[in-house]
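Good morning, and thank you for coming. I should like to take you through one structure, strand by strand and then pocket by pocket.

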Amino acid sequence: MVHLRRTTAPYWWPIPRKIGGVWVVRPSPGPHSLAYSLPLAIIIRDILKYAKTMREARYIISRGYVKIDGVIRKDYKFPVGLMDVVEIVPTGEIYRVVPDEKKYYALIPISSEEATLKLLRVEGKTAVKGGKLQLHFHDGRNLIVSQDVGRHIKTFDTVLYDLQNKNIKMHIPFKLGAYAVVTRGGNVGFSGKLYEIVWTLKRRQSVVALKRNEEVRRTILDYIMITGSEAPVIKISP
């Protein structure tokens, strides 16, 4: 299906539901699922306000004026999701997609120094030929590393990835006391220290608690991302 009904689009998309027609752009299959991504055209038109109509947004994108994670994307339906870096080439403006307590996902401006950095959550790893390991990340990215590097990196850990050189700059392990942010669910956008873990048979459904000052919130393990040992290693809030 090329389009999506406005009434069935994810509730947090910043689009009018009862005006503007029946249909809205449906994200293409890509690095993020429909439920947790935004089509690039909606970012250009409805969030950054570079266009008033979908026709104008499609024109801007087709001209190669927008980069996602350092790569020019000309597909107006390209899915943009968690921690992606959005760059507007003519103006030099750079944004990162981060969890937000009010908007679910929001774009925050970042510096050019951070434009090549991205936090990636490890979703799993597999052994490949040559005695190496392949890491699988939340944005669909895969990276082959040596055994010496890969054996220390576990599922639910986070790495700071260099988009330009395509390598890992920092490994941030999943452990009590680490700083994390909720990326989905009712507590999306809340961040704090990993305070408690209640393990269950299905590890992804384990209950975790994050504490910030005296406030504690609970969610499931699958809904959080580690962002630093003591504090976020990159900017993830306005």
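**Strand pairing, pocket and loops**

Strand β10 and strand β11, the latter made up of residues 132-137, form an antiparallel pair held over 6 bridges. Please keep in mind throughout that this is a predicted model. Within this pair, Lys 125 has Leu 135 of β11 as its bridge partner. The two strands form a hairpin with 3 residues between them, and in that hairpin Gly 130 adopts a positive phi near 85 degrees.

β10, which covers residues 117-128, also pairs with strand β13, residues 158-162; here 5 bridges join the two, and they run antiparallel. One bridge can be named: Leu 117 is partnered by Asp 162 in β13.

Following the chain onward from β13, we come to Lys 166, placed in the loop between β13 and β14, the latter being residues 167-172. Its phi is near 60 degrees, a positive value in a residue other than glycine. Is Lys 166 buried or exposed? With a relative accessibility of 55%, Lys 166 counts as exposed, because the cut-off for that class is over 50%.

Asp 69 offers a useful counterpart. Asp 69 is found in the loop between β4 and β5, where β5 spans 71-72. Phi of Asp 69 is near 55 degrees, again positive in a residue that is not glycine. Its relative accessibility is 13%, so Asp 69 counts as buried, the limit being under 20%.

Asp 69 also leads us to the largest pocket. How much space lies in the largest pocket? The value is about 340 Å³. The lining comprises 22 residues, and those closest to the centre of the pocket are Ile 68, Asp 69, Gly 70, Val 71 and Leu 163. Two elements, β4 (66-68) and β7 (85-88), are the ones that give two or more residues to this lining. Sorted by class, the lining has 9 charged, 8 nonpolar and 5 polar residues.

Let me now turn to the sheet later in the sequence. It is an open sheet of 5 strands, with antiparallel pairing, and the order is β18-β17-β16-β15-β19. Which strands stand at the edges? They are β18 (215-220) and β19 (224-228); each has a single partner strand, so one side of each is left without a neighbour in the sheet. From one strand to the next, the twist averages 45 degrees.

The partner of the edge strand β19 is β15, residues 179-182, and 4 bridges join this antiparallel pair. Among these residues, Val 182 has Ile 224 of β19 as its bridge partner. As for solvent, β19 is mostly covered, with 5 of its 5 residues buried.

Finally, consider a loop of this region. Gln 205 lies between β16 (191-198) and β17 (207-212). At 43% relative accessibility, Gln 205 counts as partly exposed, because that value falls between the cut-offs of 20% and 50%. Leaving aside residues up to four places away in sequence, Gln 205 touches Thr 200 and Ile 220. Gln 205 is also 196 residues from Ala 9 in sequence, and their C-alpha atoms are 25 Å apart in space.

To close, I would set two residues side by side: Asp 69, buried in its loop, and Lys 166, exposed in its own. Thank you; I am glad to take questions.

Notes: Residues numbered from 1 in each chain as written. Predicted model: local features only at pLDDT ≥ 70, side-chain atom pairs only at ≥ 80, totals over all residues. Heavy atoms only, no water. 1 Å grid on protein atoms, 1.4 Å probe; cavity = no way out; pocket = protein on both sides within 12 Å on 5 of 7 lines; lining within 4 Å. Points joined across faces, edges and corners; volume = space filled by probe spheres on them. Helix = DSSP H or I, 4+ residues; strand = E, 2+ residues; numbered from the N terminus. Nonpolar A, V, L, I, M, F, W, Y, C, P; charged D, E, K, R; others polar. Pairing = 2+ DSSP bridges. Axes fitted to C-alpha atoms, helices over the stretch in contact; angles between N-to-C directions. Buried < 20%, exposed > 50% of the residue type's maximum accessible area, 1.4 Å probe, protein only. Contact = heavy atoms within 4.5 Å.
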